[in-house]
Amino acid sequence: MYAHGILLALGTVVSSVTFVNRAQTLSLNKRTALVMILILIPVGLLASHLTYAISEDPSSFLELQGISSLGGLLACLLGLVLFTFRDRESRWRWFDAAAYAGVGGALIARLGCFLAHDRIGSPTSFLLSVKCFEGSFYDLALLEMIFLAVCLGLIVWLTRQGSSPLEGMIFSMVAVSYGALRVALGQLSEGTERYVGLLPEQFCAVILVAAGACCWLLARHHARHASAPLFTKHRS
């Protein structure tokens, strides 16, 4: 038993429980939330492994070793879109619940990555560098943990305010900021397989940023339409 695997499993459990509880808080169906968890977690894990095998190490395809978190994240995001395709009234609340749960789970899982030093970046003398492998390096997992901790604190603060934030805002904030962070961290990585100056995982991060921006625009449009006077809706 290794801390990396234990914390990854713990993060998955914590995010799953948090998602179901948050869904209930947002007046969403608990049974639907459980079905989502039972389907999307295996899909996400499989997609994360396939992404790693395709982009990083094709020889690991049948060994079930190695994952790319962004690949799994995008697969789960696509699954969430399909689940809520016909549920326009509560769609963005599902996305917010997923983002709320995902940040805490990711923070726990990244602690495992940090302990295993499996996301070491380029050499540096930066204050937050980690001494390992006969030198000082960026530990990308540590930098990501700091971001996730700040992000989690901000989300909890926003959700505990007297007035509820715009539906979809939590997901949009997390998707855009986390995607941008992963693009930036990719520049500190020692990965060599770059295309147009970017690693494969950075392309996934760009897609995540675009998804968050689109969610924000669509959520604002939905909010404006829902708050428009009834006679205006009939005229339009």
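Trainee: Which describes Ser 189 better, buried or exposed?

Mentor: This is a predicted model, where local features need pLDDT of at least 70, side-chain atom pairs count only at pLDDT 80 or more, and totals for chains, interfaces and linings use all residues. Numbering starts from 1 along each chain as its sequence is written, and side-chain values use heavy atoms, without hydrogens or water. Buried means under 20% relative accessible area, exposed over 50% and partly exposed in between (1.4 Å probe, protein chains only). Ser 189 has 19% relative accessibility, so it counts as buried.

Trainee: Where is Ser 189 found, and which residues is it in contact with beyond its neighbours within four places in sequence?

Mentor: Ser 189 belongs to the loop between α6 and α7 (200–227); helices (H or I, at least four residues) and strands (E, at least two) are DSSP runs, numbered from the N terminus. With contact taken as heavy atoms within 4.5 Å, and those sequence neighbours set aside, the partners of Ser 189 are Gly 121, Leu 140, Arg 194 and Leu 199.

Trainee: On to the rings: how many aromatic pairs does the structure hold?

Mentor: Rings of Phe, Tyr and Trp (its six-membered ring) pair if their centres lie within 6.5 Å; planes under 30 degrees apart are stacked, over 60 edge-to-face, and the rest tilted. By that rule, the number of aromatic pairs here is five.

Trainee: What geometry does the pair of Phe 19 and Trp 94 have?

Mentor: The ring centres of Phe 19 and Trp 94 are 5.9 Å apart, with 40 degrees between the planes. The pair links Phe 19 in helix α1 (residues 3–25) to Trp 94 in helix α4 (residues 91–116), 75 residues apart. Phe 19 is buried at 6% relative accessible area, and Trp 94 is buried at 3%. The geometry of the Phe 19 and Trp 94 pair is tilted.

Trainee: And which residue forms one aromatic cluster with Phe 95 and Phe 171?

Mentor: Phe 95 and Phe 171 pair edge-to-face, 5.0 Å centre to centre and 80 degrees between the planes. This pair joins helix α4 to helix α6 (residues 169–186) across 76 residues, and both residues are buried. The other member of their cluster is Trp 92.

Trainee: Finally, which helix gives the largest share of the nonpolar patch?

Mentor: Val 35, Leu 38, Ile 39, Val 43 and Phe 83 make a nonpolar surface patch of about 420 Å². Patch residues have over 30% relative accessible area and no salt bridge, with like charges joined within 9 Å and nonpolar side chains (Val, Leu, Ile, Met, Phe, Trp, Tyr) within 5 Å; a salt bridge is a side-chain nitrogen of Lys or Arg within 4 Å of a carboxyl oxygen of Asp or Glu. Areas come from the Shrake-Rupley method with a 1.4 Å probe, and for residues only the protein chains shown count as cover. The largest share, four residues, comes from helix α2.
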